[in-house]
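Good morning, colleagues. Please take a moment with the sequence and the structure on the screen before I begin.

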Amino acid sequence: MNKLVAITYAVLILMQGFNFSFEDVSKLNALIEHAKYHQETYGDSFLEFLAEHYGDAKFQHENEHDGHEELPFKHHQTCSHNSVTFTVPTLNFTLEYQPFVEIPFNFFYKESTSLFEKPSVFQSPRLA
């Protein structure tokens, strides 16, 4: 079972690499009909037909007659790589040194005590 799954995934990845789609599979009938048309009209074999439509002679043959748009595997993929470059302008900072000025202390701290507190209750425990 594992081998079957691995083979299925491998075929799937291979098909995606060739860019086959279900639309191409549905157009196989148009490929066969167009190949029959070429055999009857021009006397081409199937290999000559493939060379004229998918090989080097495809650009010369496209203008001879219509019906090439319905053939499968005629995807025009465009691969475009866009690179976005961000440039940051150079910023020059000038740092000025300001000498430290000692600030006089403007506060007076006094420990807060209250006569309302009972000193014996709120004292820390004493060791015996």
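Where along the chain is the place of E70? The residue sits in the segment that comes after helix 5, the helix of residues 58–61. I should state at once that this is a predicted model.

E70 belongs to a negative patch on the surface, together with E62, D66 and E69. As for its exposure, E70 has a relative accessibility of 44% and therefore counts as partly exposed, since that class lies between the 20% limit for buried and the 50% limit for exposed.

Let me set this in the context of the whole chain. The protein chain contains five helices and zero strands, and its pattern along the sequence reads α-α-α-α-α. Of its 128 residues, 10% are buried. The accessible surface amounts to about 13,000 Å², and carbon and sulfur atoms contribute 60% of that area. Among contacts with a separation of 6 or more, 44% join residues that are 24 or more positions apart.

One residue in contact with E70 is K27. K27 lies in the loop that runs between helix 2, residues 22–26, and helix 3. Which residues does K27 touch, once those up to four places away in sequence are not counted? They are E69, E70, L71 and P72. Two of these, E69 and E70, are members of the negative patch just described. K27 also stands 8.8 Å from F73, C-alpha to C-alpha, although 46 residues separate the pair in sequence. With 23% relative accessibility, K27 is partly exposed, because the value is not under the 20% that defines buried.

I turn now to H34, in helix 3, which covers residues 28–41. Is H34 buried or exposed? H34 counts as buried, because its relative accessibility is 9%. Leaving aside neighbours within four places in sequence, H34 is in contact with F49, H53, H65, D66, G67, H68 and L71. Two of these partners connect to what I have already shown: D66 is part of the negative patch, and L71 is also touched by K27.

Finally, the start of the chain. M1 is placed in the segment before helix 1, residues 2–17. M1 is exposed, because its relative accessible area is 76%. Together with L4, V5, Y9 and L12, M1 forms a nonpolar surface patch, and the accessible area of these residues together is about 570 Å².

Thank you for your attention.

Notes. Residues numbered from 1 in each chain as written. Predicted model: local features only at pLDDT ≥ 70, side-chain atom pairs only at ≥ 80, totals over all residues. Heavy atoms only, no water. Patch = residues over 30% accessible without salt bridge, like charges linked within 9 Å, V, L, I, M, F, W, Y side chains within 5 Å. Areas by Shrake-Rupley, 256 points an atom, 1.4 Å probe, with all protein chains shown as cover. Salt bridge = Lys/Arg side-chain N within 4 Å of Asp/Glu carboxyl O. Lys, Arg positive; Asp, Glu negative; His and termini not counted. Charge placed at Lys NZ, Arg CZ, Asp CG, Glu CD. Helix = DSSP H or I, 4+ residues; strand = E, 2+ residues; numbered from the N terminus. Buried < 20%, exposed > 50% of the residue type's maximum accessible area, 1.4 Å probe, protein only. Contact = heavy atoms within 4.5 Å.
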